[in-house]
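Open the model in your viewer and keep the selection panel at hand. The tour goes from one selection to the next and says what to look for at each stop.

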Amino acid sequence: MPANGGNVSSETFQPDWVHRSLQSVWHPCTQMQHHEHIPLVSLARGQGAWLFDHEGRRLLDAVSSWWVNLFGHANPRINHALKQQLDQLEHAMLAGFTHEPVVLLSERLGALTGNHLGHCFYASDGASAVEIALKMSFHFWRNSGHPEKCEFVCLRGSYHGETLGALAVTDVALFRDAYGPLLGQAHVVMSPDARQNVPEGNVVQAALNEVEALFQQRADRIASIIVEPLVQCATGMAMYEPSYLAGLRKLCDRYHVHLIADEIAVGCGRTGTFFACEQAEIWPDYICLSKGISGGYLPLSLVMTTNEIYSAFYSDELTRGFLHSHSYTGNPLACRAALATLDIFEQDNVLQGNLVKADQLSQALAPVKAHPRVKHFRRQGMIWAFDVEFNDPVAASQFSRQFFSVALLNGLLIRPIGTTVYLMPPYILSDTEIAFLANGVHAVLHQVLS
Ligand SMILES: Cc1ncc(COP(=O)(O)O)c(C=O)c1O
(Lines give C-alpha, C1' and ligand atoms only; values in the text may rest on other atoms or scores of the structure.)
Protein backbone atom coordinates (compact mmCIF):
# COMPACT_ATOMS: atom_id res chain seq x y z
CA MET A 1 0.00 0.00 0.00
CA PRO A 2 1.26 3.47 -0.76
CA ALA A 3 2.32 5.59 2.20
CA ASN A 4 3.36 9.15 2.47
CA GLY A 5 6.04 8.55 5.02
CA GLY A 6 3.97 8.65 8.19
CA ASN A 7 4.24 12.38 8.73
CA VAL A 8 2.71 13.56 11.98
CA SER A 9 2.58 16.65 14.09
CA SER A 10 5.08 17.22 16.88
CA GLU A 11 2.33 17.11 19.52
CA THR A 12 1.87 13.40 19.03
CA PHE A 13 5.54 12.67 19.74
CA GLN A 14 5.89 9.80 22.19
CA PRO A 15 9.57 9.62 23.17
CA ASP A 16 9.72 6.12 24.51
CA TRP A 17 7.73 3.98 22.09
CA VAL A 18 8.73 6.09 19.15
CA HIS A 19 12.43 5.92 19.94
CA ARG A 20 12.31 2.19 20.56
CA SER A 21 10.28 1.64 17.42
CA LEU A 22 12.76 3.54 15.30
CA GLN A 23 15.59 1.47 16.77
CA SER A 24 13.96 -1.88 16.18
CA VAL A 25 11.03 -1.70 13.75
CA TRP A 26 11.57 -1.20 10.02
CA HIS A 27 8.29 0.46 9.07
CA PRO A 28 6.49 -0.48 5.84
CA CYS A 29 6.48 1.62 2.71
CA THR A 30 8.54 4.30 4.44
CA GLN A 31 11.82 6.11 3.82
CA MET A 32 12.97 5.69 7.42
CA GLN A 33 15.15 8.80 7.26
CA HIS A 34 11.97 10.90 7.06
CA HIS A 35 11.47 10.10 10.70
CA GLU A 36 14.47 12.28 11.56
CA HIS A 37 12.04 15.15 11.00
CA ILE A 38 8.67 13.52 11.19
CA PRO A 39 7.61 11.75 14.35
CA LEU A 40 5.68 8.49 14.42
CA VAL A 41 2.29 8.31 16.09
CA SER A 42 2.40 5.83 18.92
CA LEU A 43 -1.00 4.17 19.23
CA ALA A 44 -2.33 2.94 22.55
CA ARG A 45 -5.74 1.56 21.57
CA GLY A 46 -8.66 1.68 19.16
CA GLN A 47 -12.39 1.95 19.74
CA GLY A 48 -15.02 2.08 17.04
CA ALA A 49 -13.95 4.47 14.29
CA TRP A 50 -11.28 6.00 16.55
CA LEU A 51 -7.61 5.40 17.25
CA PHE A 52 -6.09 6.80 20.47
CA ASP A 53 -2.46 7.74 20.91
CA HIS A 54 -0.52 7.43 24.16
CA GLU A 55 -1.52 10.93 25.18
CA GLY A 56 -5.17 10.02 24.84
CA ARG A 57 -5.64 12.13 21.69
CA ARG A 58 -8.02 10.55 19.25
CA LEU A 59 -8.05 10.25 15.47
CA LEU A 60 -11.02 9.30 13.31
CA ASP A 61 -9.72 6.43 11.16
CA ALA A 62 -11.09 7.71 7.85
CA VAL A 63 -9.04 5.22 5.81
CA SER A 64 -9.99 2.15 7.86
CA SER A 65 -6.32 1.49 8.66
CA TRP A 66 -5.15 0.75 5.11
CA TRP A 67 -8.70 -0.17 4.02
CA VAL A 68 -9.12 -3.19 6.28
CA ASN A 69 -11.43 -2.18 9.10
CA LEU A 70 -15.15 -2.49 8.40
CA PHE A 71 -16.95 -2.46 11.74
CA GLY A 72 -14.67 -0.45 13.97
CA HIS A 73 -11.74 -1.19 16.21
CA ALA A 74 -12.34 -3.49 19.19
CA ASN A 75 -15.71 -4.52 17.80
CA PRO A 76 -17.48 -6.37 20.64
CA ARG A 77 -19.00 -9.03 18.35
CA ILE A 78 -15.77 -9.89 16.57
CA ASN A 79 -13.90 -9.79 19.89
CA HIS A 80 -16.39 -12.22 21.40
CA ALA A 81 -16.11 -14.66 18.48
CA LEU A 82 -12.32 -14.54 18.65
CA LYS A 83 -12.19 -15.12 22.39
CA GLN A 84 -14.33 -18.22 21.99
CA GLN A 85 -12.24 -19.53 19.10
CA LEU A 86 -9.05 -18.91 21.06
CA ASP A 87 -10.10 -21.52 23.60
CA GLN A 88 -11.03 -24.03 20.87
CA LEU A 89 -8.24 -24.03 18.31
CA GLU A 90 -5.77 -21.22 17.65
CA HIS A 91 -4.06 -22.77 14.64
CA ALA A 92 -3.39 -26.02 12.85
CA MET A 93 -1.93 -26.83 9.47
CA LEU A 94 -4.51 -27.04 6.69
CA ALA A 95 -2.79 -29.74 4.60
CA GLY A 96 -4.29 -33.03 5.74
CA PHE A 97 -6.50 -31.29 8.32
CA THR A 98 -9.55 -29.10 8.36
CA HIS A 99 -11.66 -27.28 10.94
CA GLU A 100 -15.06 -25.71 11.39
CA PRO A 101 -14.20 -22.03 10.77
CA VAL A 102 -12.48 -22.65 7.43
CA VAL A 103 -15.28 -24.93 6.19
CA LEU A 104 -18.06 -22.56 7.24
CA LEU A 105 -16.28 -19.58 5.74
CA SER A 106 -15.66 -21.32 2.41
CA GLU A 107 -19.29 -22.45 2.22
CA ARG A 108 -20.65 -19.02 3.06
CA LEU A 109 -18.41 -17.18 0.62
CA GLY A 110 -19.16 -19.71 -2.11
CA ALA A 111 -22.88 -19.23 -1.48
CA LEU A 112 -22.45 -15.46 -1.87
CA THR A 113 -21.36 -16.14 -5.48
CA GLY A 114 -24.29 -18.51 -6.07
CA ASN A 115 -21.59 -21.20 -5.90
CA HIS A 116 -20.06 -20.04 -9.18
CA LEU A 117 -16.84 -19.70 -7.23
CA GLY A 118 -17.27 -22.52 -4.77
CA HIS A 119 -13.62 -23.44 -4.10
CA CYS A 120 -11.56 -21.30 -1.70
CA PHE A 121 -7.77 -21.42 -1.44
CA TYR A 122 -6.36 -19.60 1.59
CA ALA A 123 -3.32 -17.45 2.40
CA SER A 124 -2.60 -14.53 4.69
CA ASP A 125 -1.87 -11.27 2.86
CA GLY A 126 -3.39 -9.75 -0.22
CA ALA A 127 -0.25 -10.07 -2.32
CA SER A 128 -0.13 -13.81 -1.58
CA ALA A 129 -3.67 -14.19 -2.92
CA VAL A 130 -2.61 -12.43 -6.11
CA GLU A 131 0.40 -14.77 -6.43
CA ILE A 132 -1.94 -17.73 -5.99
CA ALA A 133 -4.40 -16.56 -8.64
CA LEU A 134 -1.58 -15.95 -11.15
CA LYS A 135 0.06 -19.32 -10.47
CA MET A 136 -3.27 -21.15 -10.50
CA SER A 137 -4.22 -19.62 -13.84
CA PHE A 138 -0.90 -20.56 -15.44
CA HIS A 139 -1.08 -24.05 -13.94
CA PHE A 140 -4.67 -24.52 -15.15
CA TRP A 141 -3.59 -23.85 -18.73
CA ARG A 142 -0.57 -26.12 -18.30
CA ASN A 143 -2.77 -28.92 -16.96
CA SER A 144 -5.11 -28.29 -19.89
CA GLY A 145 -2.35 -28.81 -22.45
CA HIS A 146 -1.44 -25.14 -22.97
CA PRO A 147 1.84 -24.48 -21.14
CA GLU A 148 2.52 -21.69 -23.63
CA LYS A 149 -0.18 -19.57 -21.96
CA CYS A 150 2.16 -17.94 -19.46
CA GLU A 151 1.67 -14.20 -19.93
CA PHE A 152 -0.41 -11.80 -17.86
CA VAL A 153 -2.23 -8.55 -18.56
CA CYS A 154 -2.88 -5.72 -16.12
CA LEU A 155 -4.29 -2.21 -16.34
CA ARG A 156 -2.41 1.08 -16.46
CA GLY A 157 -2.11 2.28 -12.86
CA SER A 158 -2.89 -1.16 -11.45
CA TYR A 159 -1.79 -2.15 -7.95
CA HIS A 160 -1.80 -5.77 -6.83
CA GLY A 161 0.79 -5.91 -4.03
CA GLU A 162 4.49 -5.88 -3.37
CA THR A 163 5.74 -9.44 -3.72
CA LEU A 164 7.57 -10.12 -6.98
CA GLY A 165 4.70 -11.81 -8.83
CA ALA A 166 2.16 -9.24 -7.69
CA LEU A 167 4.55 -6.38 -8.44
CA ALA A 168 4.99 -7.71 -11.98
CA VAL A 169 1.29 -6.94 -12.62
CA THR A 170 1.47 -3.61 -10.77
CA ASP A 171 1.86 -0.43 -12.79
CA VAL A 172 2.85 2.10 -10.13
CA ALA A 173 6.38 3.30 -10.90
CA LEU A 174 7.18 4.28 -7.32
CA PHE A 175 6.77 0.71 -6.14
CA ARG A 176 8.03 -1.27 -9.10
CA ASP A 177 10.86 0.67 -10.73
CA ALA A 178 13.57 -0.25 -8.22
CA TYR A 179 12.81 -3.93 -8.72
CA GLY A 180 12.25 -3.84 -12.50
CA PRO A 181 15.10 -6.25 -13.31
CA LEU A 182 13.56 -8.88 -11.00
CA LEU A 183 10.06 -8.74 -12.45
CA GLY A 184 8.30 -10.77 -15.11
CA GLN A 185 6.94 -8.77 -18.04
CA ALA A 186 3.20 -8.12 -18.10
CA HIS A 187 1.14 -6.48 -20.84
CA VAL A 188 -0.22 -3.16 -19.59
CA VAL A 189 -3.46 -2.00 -21.21
CA MET A 190 -5.47 1.19 -20.94
CA SER A 191 -7.36 1.80 -17.71
CA PRO A 192 -11.08 2.57 -18.07
CA ASP A 193 -10.64 5.42 -15.52
CA ALA A 194 -13.74 7.58 -16.10
CA ARG A 195 -11.78 10.85 -15.71
CA GLN A 196 -10.13 10.42 -19.10
CA ASN A 197 -11.15 12.09 -22.35
CA VAL A 198 -10.70 9.88 -25.38
CA PRO A 199 -11.19 10.83 -29.03
CA GLU A 200 -13.75 8.02 -29.43
CA GLY A 201 -15.76 9.64 -26.61
CA ASN A 202 -16.39 6.36 -24.82
CA VAL A 203 -13.66 5.50 -22.34
CA VAL A 204 -14.97 2.01 -21.62
CA GLN A 205 -15.14 1.09 -25.29
CA ALA A 206 -11.68 2.53 -25.95
CA ALA A 207 -10.25 0.48 -23.09
CA LEU A 208 -12.01 -2.68 -24.26
CA ASN A 209 -10.80 -2.12 -27.82
CA GLU A 210 -7.24 -2.09 -26.53
CA VAL A 211 -7.75 -5.39 -24.70
CA GLU A 212 -9.30 -6.93 -27.79
CA ALA A 213 -6.44 -5.79 -30.02
CA LEU A 214 -3.98 -7.43 -27.61
CA PHE A 215 -6.05 -10.62 -27.34
CA GLN A 216 -6.29 -10.85 -31.14
CA GLN A 217 -2.51 -10.85 -31.33
CA ARG A 218 -1.52 -12.85 -28.28
CA ALA A 219 -4.40 -14.63 -26.55
CA ASP A 220 -2.77 -17.95 -27.33
CA ARG A 221 0.08 -16.88 -24.99
CA ILE A 222 -1.98 -15.10 -22.34
CA ALA A 223 -3.12 -16.93 -19.19
CA SER A 224 -5.16 -14.15 -17.59
CA ILE A 225 -5.95 -10.49 -17.17
CA ILE A 226 -6.07 -9.12 -13.63
CA VAL A 227 -8.19 -6.11 -12.66
CA GLU A 228 -9.29 -4.20 -9.58
CA PRO A 229 -13.06 -4.11 -10.21
CA LEU A 230 -14.69 -0.65 -10.31
CA VAL A 231 -11.98 1.22 -8.37
CA GLN A 232 -8.22 1.18 -8.90
CA CYS A 233 -7.50 2.25 -5.37
CA ALA A 234 -3.75 2.64 -4.91
CA THR A 235 -3.23 4.64 -8.09
CA GLY A 236 -5.55 7.32 -6.67
CA MET A 237 -9.08 5.94 -6.55
CA ALA A 238 -9.59 5.76 -10.31
CA MET A 239 -13.24 4.76 -10.71
CA TYR A 240 -14.86 3.19 -13.73
CA GLU A 241 -18.11 1.85 -15.11
CA PRO A 242 -19.28 -1.74 -14.44
CA SER A 243 -19.85 -2.11 -18.21
CA TYR A 244 -16.06 -2.42 -18.57
CA LEU A 245 -16.13 -5.61 -16.48
CA ALA A 246 -19.06 -6.97 -18.45
CA GLY A 247 -17.20 -6.28 -21.71
CA LEU A 248 -14.02 -7.80 -20.34
CA ARG A 249 -15.87 -10.96 -19.32
CA LYS A 250 -17.10 -11.35 -22.91
CA LEU A 251 -13.62 -10.82 -24.36
CA CYS A 252 -12.10 -13.30 -21.91
CA ASP A 253 -14.69 -15.90 -22.89
CA ARG A 254 -14.23 -15.26 -26.60
CA TYR A 255 -10.41 -15.42 -26.49
CA HIS A 256 -10.01 -18.06 -23.74
CA VAL A 257 -8.26 -15.87 -21.22
CA HIS A 258 -8.97 -16.03 -17.47
CA LEU A 259 -10.36 -13.01 -15.67
CA ILE A 260 -8.90 -12.40 -12.19
CA ALA A 261 -10.85 -9.95 -10.03
CA ASP A 262 -8.59 -8.55 -7.34
CA GLU A 263 -11.26 -7.54 -4.82
CA ILE A 264 -8.74 -7.23 -2.00
CA ALA A 265 -9.53 -3.54 -1.55
CA VAL A 266 -12.96 -3.30 -3.21
CA GLY A 267 -14.61 -6.48 -1.91
CA CYS A 268 -16.65 -6.89 1.26
CA GLY A 269 -19.19 -4.21 0.51
CA ARG A 270 -16.74 -1.40 -0.15
CA THR A 271 -18.21 -0.50 -3.56
CA GLY A 272 -21.84 -0.97 -2.52
CA THR A 273 -22.31 -4.68 -3.30
CA PHE A 274 -20.56 -7.45 -1.39
CA PHE A 275 -18.42 -8.25 -4.43
CA ALA A 276 -17.72 -5.35 -6.79
CA CYS A 277 -18.20 -7.69 -9.79
CA GLU A 278 -21.87 -8.11 -8.90
CA GLN A 279 -22.52 -4.63 -10.30
CA ALA A 280 -21.47 -5.86 -13.74
CA GLU A 281 -23.56 -9.01 -13.31
CA ILE A 282 -20.59 -11.20 -14.10
CA TRP A 283 -18.45 -13.68 -12.24
CA PRO A 284 -14.72 -13.75 -12.89
CA ASP A 285 -12.67 -16.97 -12.94
CA TYR A 286 -10.94 -15.96 -9.70
CA ILE A 287 -11.78 -13.52 -6.92
CA CYS A 288 -8.96 -12.47 -4.58
CA LEU A 289 -10.18 -11.31 -1.17
CA SER A 290 -8.30 -10.00 1.85
CA LYS A 291 -8.28 -6.80 3.94
CA GLY A 292 -11.93 -6.39 5.06
CA ILE A 293 -12.76 -10.08 5.04
CA SER A 294 -11.45 -10.52 8.60
CA GLY A 295 -13.07 -7.24 9.67
CA GLY A 296 -9.57 -5.76 9.74
CA TYR A 297 -8.54 -8.03 12.61
CA LEU A 298 -6.14 -10.66 11.32
CA PRO A 299 -4.17 -11.39 8.16
CA LEU A 300 -6.39 -13.50 5.95
CA SER A 301 -6.60 -13.76 2.19
CA LEU A 302 -8.15 -16.20 -0.20
CA VAL A 303 -8.74 -16.97 -3.83
CA MET A 304 -12.16 -18.22 -4.87
CA THR A 305 -12.47 -20.12 -8.11
CA THR A 306 -14.77 -22.24 -10.25
CA ASN A 307 -15.42 -25.93 -10.40
CA GLU A 308 -13.95 -26.05 -13.90
CA ILE A 309 -10.63 -24.69 -12.71
CA TYR A 310 -10.60 -26.82 -9.56
CA SER A 311 -11.32 -29.94 -11.63
CA ALA A 312 -8.30 -29.35 -13.88
CA PHE A 313 -6.08 -29.96 -10.83
CA TYR A 314 -7.98 -33.00 -9.52
CA SER A 315 -5.94 -36.00 -10.61
CA ASP A 316 -4.06 -39.12 -9.55
CA GLU A 317 -0.87 -37.25 -10.49
CA LEU A 318 0.66 -35.28 -7.62
CA THR A 319 2.19 -32.59 -9.79
CA ARG A 320 -1.12 -31.72 -11.43
CA GLY A 321 -2.24 -30.59 -7.96
CA PHE A 322 -1.78 -27.04 -6.73
CA LEU A 323 1.24 -27.54 -4.46
CA HIS A 324 1.22 -24.04 -3.02
CA SER A 325 1.12 -23.37 0.72
CA HIS A 326 1.68 -20.87 3.50
CA SER A 327 2.15 -21.91 7.13
CA TYR A 328 -0.83 -19.90 8.40
CA THR A 329 -3.13 -20.87 5.53
CA GLY A 330 -6.75 -20.93 6.75
CA ASN A 331 -5.86 -19.87 10.28
CA PRO A 332 -8.90 -20.66 12.48
CA LEU A 333 -8.80 -17.37 14.37
CA ALA A 334 -8.69 -15.35 11.15
CA CYS A 335 -11.50 -17.45 9.67
CA ARG A 336 -13.57 -16.98 12.84
CA ALA A 337 -13.08 -13.21 12.60
CA ALA A 338 -14.27 -13.46 8.98
CA LEU A 339 -17.36 -15.44 10.02
CA ALA A 340 -18.18 -12.84 12.66
CA THR A 341 -17.75 -10.18 9.98
CA LEU A 342 -20.18 -11.98 7.65
CA ASP A 343 -22.63 -12.32 10.56
CA ILE A 344 -22.58 -8.55 11.02
CA PHE A 345 -23.24 -8.04 7.30
CA GLU A 346 -26.29 -10.28 7.54
CA GLN A 347 -27.69 -9.35 10.92
CA ASP A 348 -27.33 -5.59 10.47
CA ASN A 349 -28.29 -5.47 6.79
CA VAL A 350 -25.07 -3.55 6.28
CA LEU A 351 -25.21 -3.01 2.52
CA GLN A 352 -28.62 -1.36 2.87
CA GLY A 353 -27.48 0.72 5.83
CA ASN A 354 -24.43 1.88 3.91
CA LEU A 355 -26.66 3.42 1.23
CA VAL A 356 -28.07 5.75 3.86
CA LYS A 357 -24.67 6.53 5.41
CA ALA A 358 -23.17 7.13 1.96
CA ASP A 359 -25.90 9.63 1.12
CA GLN A 360 -25.40 11.41 4.43
CA LEU A 361 -21.66 11.72 4.01
CA SER A 362 -21.99 12.79 0.38
CA GLN A 363 -24.38 15.56 1.38
CA ALA A 364 -22.15 16.62 4.23
CA LEU A 365 -19.21 16.81 1.80
CA ALA A 366 -21.07 19.20 -0.55
CA PRO A 367 -18.93 22.21 0.49
CA VAL A 368 -15.78 20.18 -0.31
CA LYS A 369 -17.17 19.26 -3.72
CA ALA A 370 -17.92 22.93 -4.38
CA HIS A 371 -14.38 24.09 -3.50
CA PRO A 372 -12.86 25.84 -6.54
CA ARG A 373 -9.67 23.75 -6.43
CA VAL A 374 -11.50 20.41 -6.14
CA LYS A 375 -11.91 18.42 -9.35
CA HIS A 376 -13.44 15.04 -10.14
CA PHE A 377 -15.29 14.64 -6.87
CA ARG A 378 -16.40 11.00 -7.09
CA ARG A 379 -17.89 8.20 -5.06
CA GLN A 380 -18.32 4.48 -5.42
CA GLY A 381 -20.14 2.84 -2.53
CA MET A 382 -18.18 3.67 0.62
CA ILE A 383 -15.22 5.26 -1.18
CA TRP A 384 -15.06 9.02 -1.76
CA ALA A 385 -12.27 10.77 -3.66
CA PHE A 386 -11.43 14.10 -5.22
CA ASP A 387 -8.42 15.63 -6.92
CA VAL A 388 -6.94 18.95 -5.86
CA GLU A 389 -5.68 21.22 -8.65
CA PHE A 390 -2.23 22.79 -8.53
CA ASN A 391 -0.34 25.06 -10.93
CA ASP A 392 2.86 24.72 -8.92
CA PRO A 393 4.42 21.23 -9.12
CA VAL A 394 6.42 21.75 -5.91
CA ALA A 395 3.27 22.58 -3.97
CA ALA A 396 1.60 19.56 -5.57
CA SER A 397 4.42 17.28 -4.48
CA GLN A 398 4.14 18.51 -0.87
CA PHE A 399 0.37 18.38 -0.69
CA SER A 400 -0.07 14.83 0.51
CA ARG A 401 2.23 15.20 3.51
CA GLN A 402 0.83 18.59 4.43
CA PHE A 403 -2.73 17.38 4.24
CA PHE A 404 -1.89 14.34 6.33
CA SER A 405 -0.18 16.42 9.04
CA VAL A 406 -2.91 19.04 9.21
CA ALA A 407 -5.57 16.33 9.23
CA LEU A 408 -3.93 14.81 12.32
CA LEU A 409 -4.12 18.16 14.06
CA ASN A 410 -7.84 18.13 13.23
CA GLY A 411 -8.34 14.65 14.68
CA LEU A 412 -8.46 12.84 11.33
CA LEU A 413 -6.41 10.01 9.87
CA ILE A 414 -6.43 10.69 6.13
CA ARG A 415 -3.52 9.90 3.78
CA PRO A 416 -3.93 11.45 0.34
CA ILE A 417 -2.36 9.66 -2.62
CA GLY A 418 -0.46 12.41 -4.43
CA THR A 419 -3.02 15.17 -4.98
CA THR A 420 -5.99 12.84 -4.56
CA VAL A 421 -7.77 12.97 -1.22
CA TYR A 422 -9.89 9.96 -0.45
CA LEU A 423 -12.06 8.64 2.35
CA MET A 424 -12.64 4.95 3.00
CA PRO A 425 -14.18 5.00 6.47
CA PRO A 426 -15.41 2.00 8.45
CA TYR A 427 -19.11 1.25 7.97
CA ILE A 428 -20.11 2.22 11.50
CA LEU A 429 -19.93 6.01 11.47
CA SER A 430 -22.60 7.73 13.57
CA ASP A 431 -24.32 10.94 12.43
CA THR A 432 -21.97 12.93 14.62
CA GLU A 433 -18.93 11.17 13.22
CA ILE A 434 -20.11 11.76 9.65
CA ALA A 435 -20.47 15.48 10.39
CA PHE A 436 -17.07 15.55 12.16
CA LEU A 437 -15.42 13.88 9.16
CA ALA A 438 -17.00 16.09 6.51
CA ASN A 439 -16.39 19.33 8.42
CA GLY A 440 -12.85 18.19 9.18
CA VAL A 441 -12.02 17.49 5.51
CA HIS A 442 -13.31 20.92 4.55
CA ALA A 443 -11.35 22.62 7.33
CA VAL A 444 -8.12 20.75 6.49
CA LEU A 445 -8.46 21.56 2.79
CA HIS A 446 -8.96 25.23 3.63
CA GLN A 447 -5.98 25.28 6.00
CA VAL A 448 -3.66 23.50 3.56
CA LEU A 449 -4.61 25.54 0.50
CA SER A 450 -4.71 28.98 2.09
C1 LIG B 1 -6.07 -4.17 -4.99
C2 LIG B 1 -5.00 -4.64 -4.06
N3 LIG B 1 -4.42 -5.83 -4.29
C4 LIG B 1 -3.46 -6.33 -3.48
C5 LIG B 1 -3.03 -5.62 -2.39
C6 LIG B 1 -1.95 -6.19 -1.51
O7 LIG B 1 -2.47 -6.58 -0.28
P8 LIG B 1 -1.47 -6.77 0.95
O9 LIG B 1 -0.97 -5.40 1.28
O10 LIG B 1 -2.30 -7.36 2.02
O11 LIG B 1 -0.38 -7.68 0.49
C12 LIG B 1 -3.60 -4.38 -2.11
C13 LIG B 1 -3.16 -3.57 -0.97
O14 LIG B 1 -3.45 -2.41 -0.82
C15 LIG B 1 -4.61 -3.87 -2.98
O16 LIG B 1 -5.17 -2.67 -2.78
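The stops below cover a helix, the residue at its start, and the ligand.

Keep in mind throughout that this is a predicted model.

**Stop 1: helix H3**

Select residues 76-86, which form helix H3. Which residues of H3 are buried? They are Ile78, Ala81, Leu82 and Gln85. Colour these four residues and look along the helix axis. They span an arc of only 95 degrees around that axis, so they sit on the same side of H3. Now turn to the other side of H3, where Pro76 and Lys83 are exposed.

**Stop 2: the neighbours of H3**

Add residues 100-112, helix H4, and residues 332-347, helix H11. What do the buried residues of H3 pack against? Their partners are these helices, H4 and H11.

**Stop 3: Asn75**

Next, select Asn75, in the loop that runs between helix H2 (64-67) and H3. Is Asn75 buried or exposed? Its relative accessible area is 8%, and the cut-off for buried is under 20%, so Asn75 counts as buried.

Show the side chain of Asn75 as sticks. Asn75 caps the N-terminal end of H3, with a side-chain oxygen 2.8 Å from the backbone nitrogen of Arg77. Then find Phe71: its backbone oxygen is 2.8 Å from a polar atom of the Asn75 side chain. To see what Asn75 touches farther along the chain, add Tyr297 and Ile344; residues up to four places away in sequence are not counted here.

**Stop 4: the ligand**

Select the ligand and show the residues around it. How many residues are around the ligand? There are 13, and those that come nearest are Gly126, Ala127, His160, Asp262 and Lys291. By type, the shell around the ligand consists of 6 nonpolar, 3 polar and 4 charged residues.

Now check three distances, each of which ends at an oxygen atom of the ligand:

- From Gly126, a polar backbone atom is 2.8 Å from a ligand oxygen.
- From Ala127, a backbone N or O atom is 2.8 Å from a ligand oxygen.
- From Lys291, an N or O atom in the side chain is 3.0 Å from a ligand oxygen.

Finally, switch on the surface of the protein around the ligand. Taken alone, the ligand exposes 380 Å², and the protein buries 87% of that.

Note on methods: Residues numbered from 1 in each chain as written. Predicted model: local features only at pLDDT ≥ 70, side-chain atom pairs only at ≥ 80, totals over all residues. Heavy atoms only, no water. Buried < 20%, exposed > 50% of the residue type's maximum accessible area, 1.4 Å probe, protein only. Helix = DSSP H or I, 4+ residues; strand = E, 2+ residues; numbered from the N terminus. Arc of directions from axis to C-beta. Contact = heavy atoms within 4.5 Å. Polar contact = N/O pair within 3.5 Å; in protein donor to acceptor, adjacent residues only side chain to side chain. Near = heavy atom within 4 Å. Areas by Shrake-Rupley, 256 points an atom, 1.4 Å probe, with all protein chains shown as cover. Nonpolar A, V, L, I, M, F, W, Y, C, P; charged D, E, K, R; others polar.
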